[in-house]
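Here are my notes on the model you sent over, point by point. Have the structure open while you read.

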Amino acid sequence: MKFNLFGVVDRKTTARVKAVLETPVEGDLLEVTIDSEGGSVFDGLSIYSNIQAFEGPKTAVIESAAFSIASYIAMAFDQVAIVKNGWMMIHNPSVQANGGPDELKRQSELLAKLKVEMVSAYAAKTGIPPETIERMMDEETYLNAEEALAAGFVDKIIDRETTSQIEPTALNSM
């Protein structure tokens, strides 16, 4: 079973992924191509959980970019490959919030919980200590294919290049 995870991660993406995964063939291989600037943290968490629950072998191929929550989704796979001109980016979860001090405090506490969950997935895949992952997220770390491989975020580099499906303006809104 193959599908693409291109563009912004949102409710529509989550619904599509769930629909695909609801009818798997027993023992089937799941292969997902990722080229995404990220998007909704909660939709990404849902996609990650659904992919993790898939009982067959799971492979992701990062074609060009797995930024933000898309890099977290990639951690749900058994094997992760990246094209030689591919990139990954990890950073802290964020939210747009308004309200008084109590509401902002609740949002801050939620973000801290989300970060713990994300750190755990990155650390489990890479073997990097959680404290180091936290620093990388604090610094909004971009990794080219070779850096992603050396750090353990991916398992191999594919010897080809691709053009990104990401709209250039999408990166300006992150």
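**Notes on the model**

1. Surface first. The protein has about 9200 Å² of accessible surface, and carbon and sulfur atoms own 49% of that. Bear in mind throughout that this is a predicted model.

2. Now the overall build. I get seven helices and seven strands in the protein. Read from the N terminus, the order is β-α-β-α-β-α-β-β-α-α-β-α-β-α.

3. On overall dimensions, the C-alpha atoms fit a box of roughly 50 × 35 × 35 Å along the principal axes. What radius of gyration does the protein have, against that of a compact globule with 174 residues? It has 16 Å, and the globule would be near 16 Å, so the two agree.

4. As for packing, 47% of the 174 residues are buried. Looking at contacts with a separation of 6 or more, 71% of them join residues that sit 24 or more positions apart.

5. Charges: there are 15 positive and 26 negative ones in the protein. Their mean positions lie 3 Å from each other.

6. On to the rings. The structure holds four aromatic pairs. One of them is Phe-67 with Tyr-142, an edge-to-face pair at 5.5 Å centre to centre, with 75 degrees between the planes. This pair bridges distant parts of the chain, since Phe-67 belongs to strand E3 (residues 58–67) and Tyr-142 to strand E6 (residues 141–144), 75 residues apart.

7. Are the two partners in that pair buried or partly exposed? Phe-67 counts as buried because its relative accessibility is 7%, under the 20% cut-off. Tyr-142 has 38%, so it counts as partly exposed; that class covers the range between 20% and 50%.

8. Another edge-to-face pair is Tyr-72 with Tyr-122, at 6.3 Å centre to centre and 80 degrees between the planes. Again distant parts of the chain are linked: Tyr-72 sits in helix H3 (residues 69–74) and Tyr-122 in helix H4 (residues 101–126), 50 residues apart. Tyr-72 has a relative accessibility of 1% and so counts as buried. Tyr-122 is buried too, with a relative accessible area of 0%.

9. That tyrosine pair is part of a wider group. Tyr-48, Tyr-72, Tyr-122 and Phe-153 are joined into a cluster by ring pairs. If you want one spot to look at in your viewer, I'd suggest this cluster of Tyr-48, Tyr-72, Tyr-122 and Phe-153.

10. Now some backbone oddities. Most residues other than glycine have a negative phi. Ser-64 is not a glycine, yet its phi is positive, at about 90 degrees. Ser-64 lies in strand E3, the strand that also holds Phe-67. With 11% relative accessibility, Ser-64 counts as buried.

11. Which other residue has a positive phi, of about 50 degrees, although it is not a glycine? That is Glu-140. Glu-140 is placed in the loop between helix H5 (130–138) and E6, and E6 is the strand where Tyr-142 is found. At 37% relative accessibility, Glu-140 counts as partly exposed.

12. Putting the two side by side: Ser-64 is in a strand and buried, whereas Glu-140 is in a loop and partly exposed. Both have a positive phi, about 90 degrees for Ser-64 and about 50 degrees for Glu-140.

Definitions and conventions. Residues numbered from 1 in each chain as written. Predicted model: local features only at pLDDT ≥ 70, side-chain atom pairs only at ≥ 80, totals over all residues. Heavy atoms only, no water. Helix = DSSP H or I, 4+ residues; strand = E, 2+ residues; numbered from the N terminus. Rg over C-alpha atoms; globule rule 2.2 N^0.38 Å. Buried < 20%, exposed > 50% of the residue type's maximum accessible area, 1.4 Å probe, protein only. Contact = heavy atoms within 4.5 Å. Areas by Shrake-Rupley, 256 points an atom, 1.4 Å probe, with all protein chains shown as cover. Lys, Arg positive; Asp, Glu negative; His and termini not counted. Charge placed at Lys NZ, Arg CZ, Asp CG, Glu CD. Phe/Tyr/Trp six-rings, centres within 6.5 Å; stacked < 30°, edge-to-face > 60°.
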